[in-house]
Amino acid sequence: MAAVDLDTLYAGIRAGQRASVSRAITLVESMRPDHRALARDLLARLAEDSSAGPAVRVGISGVPGVGKSTFIEALGTHLTAQGKRVGVLAVDPSSVRTGGSVLGDKTRMPQLSIDPNAFIRPSPSAGTLGGVAAATSQAMSVLEGAGYDVVLVETVGVGQSEITVAGMVDTFLFLTLARTGDQLQGIKKGILEIADVIAVNKADAEGAAEDRSAEARVAARELAGAMRMVRGHGEWAPPVVTCSGLTGVGVDDVWARIGAHRDHLGHDGLLAKRAQQQLDFTWTLVRDILNERLRRSEPVAAIRQQVADDVLSGRLSAPAAADAIIAAFDEG
Ligand code: GDP
């Protein structure tokens, strides 16, 4: 990355210039200490002037193949047709391990990727999930500063990533399928707890012998029943709807439900939610940093093998081993 002139970059973002937005996101993804300092300055300046207002931040999750990118293509083009500017970001935990990124790949959203009112960015590929999430969260602020109205954050429905994404958006949309064997078994209980809107996708007759809409409606009813058991009275009751990202049927309804969830939060509720997210995120980052220090600690590295041998041979209990490791860490 070439030398960064913060004033030029800031002005470019404010003017909504794609190249500046792109460079700023590269900056917030960077691990270099000088880039991090610049990124902090940039974000502070963007936060000072909140004239652009908060974007609608939506997390979208579901297993691979559920139709996330097809749905985002449909929803994104639906929104840009209304004159809205839409950013698409991705959090891909597998890219943390492999260094490659799958989600947010432009070729999976052919129309949206050439839409002048859309900005698509694949998952950052370096670092821990916490690091990727930090970069994504800052990228959302850059897009907001550039006047984007909606930010869609795509993540794959495995492990911790959806919890992480739910923790940085206003509304969390979970996509599922009717035909997952036992309707409810395919869905982890944790998802029901974090989802604000659920959509049974592929409710269409595309590429299938029979129309799947009826089946999708049955699944949606069952899921809605399950949701009522998970959520308490008086809380937001997450709606369960059907849609087809491929034909576009029901996509506007999903968007309307997202709007209803936002109305339910209200202005103050939204601010409070975002503030709490920042506090939770602070501690996620602290844990991340501590983990990294533990991994790099030389005194810990020096006793690592011995502790492993002792625990494996039964000479040392796990609690005693943990104490020894922490003692070594504190020493470093
Ligand atoms: P992702 O892995 O969740 O992003 O899923 P994709 O959007 O890549 O879709 C996976 C496959 O399902 C592709 O072959 C799509 O064409 C197909 N697909 C996606 N959405 C729909 C839909 O609404 N209806 C039908 N019938 N197929 C769909």
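This tour moves through the salt bridges, pockets and cavities of the structure, selection by selection.

The model is predicted, so local features need pLDDT of at least 70 and side-chain atom pairs count only at pLDDT 80 or more, whereas totals for chains, interfaces and linings use all residues. Residues are numbered from 1 along each chain as its sequence is written, and side-chain values use heavy atoms, with hydrogens and water left out.

**Salt bridges**

Begin with the charged side chains: the whole structure holds 11 salt bridges (a side-chain nitrogen of Lys or Arg within 4 Å of a carboxyl oxygen of Asp or Glu).

Select R57 and E144, whose side chains meet in a salt bridge with an N to O distance of 3.0 Å. R57 belongs to strand β1 (residues 56-62) and E144 to helix α7 (residues 129-145), so that the pair, 87 residues apart, links distant parts of the chain. Helices (H or I, at least four residues) and strands (E, at least two) are DSSP runs, numbered from the N terminus. Both R57 and E144 are buried; buried means under 20% relative accessible area, exposed over 50%, and partly exposed in between, with a 1.4 Å probe and protein chains only. Extend the selection to D170, R262 and R274, which are linked with R57 and E144 in a network of salt bridges.

Next, select D253 and R257, where the closest N and O atoms of the salt bridge are 3.1 Å apart. These two residues lie 4 residues apart in helix α11 (residues 251-296), a separation of about one helical turn. D253 is partly exposed at 27% relative accessible area, and R257 is partly exposed at 31%.

**Pockets**

A pocket is, on a 1 Å grid over the protein atoms alone, an open set of points with protein on both sides within 12 Å along at least five of seven lines; a cavity is a set of points where a 1.4 Å probe fits but cannot get out, and lining residues have an atom within 4 Å of a point. Grid points are joined across faces, edges and corners, and a volume is the space filled by probe spheres set on the points.

Select L43, A134, S137, Q138 and F281: the largest pocket encloses about 1,300 Å³, and these are the closest to its centre of the 42 residues that line it. Colour α11 next, since this helix gives the most to that lining, with 13 residues. The largest pocket lies between domain 1 (1-49) and domain 2 (51-265), because both give residues to its lining; the domain bounds come from an automatic or database domain assignment.

Move to the second largest pocket, of about 310 Å³. Its 13 lining residues include I163, T164, G167, D280 and T284, the closest to its centre. Here too α11 supplies the largest share of the lining, 6 residues.

**Cavities**

The whole structure contains 2 cavities of 30 Å³ or more. For the largest cavity, about 50 Å³ in volume, select R57, S137, M140, G167, M168, Q277, Q278 and F281, which line it. R57, from the salt bridge with E144, thus reappears in this lining.

Finish at the second largest cavity, with about 40 Å³ of space. Its lining consists of I25, E29, L89, A90, R121, P122, P124, A135, T136 and A139, and the largest share, 3 residues, comes from α7.
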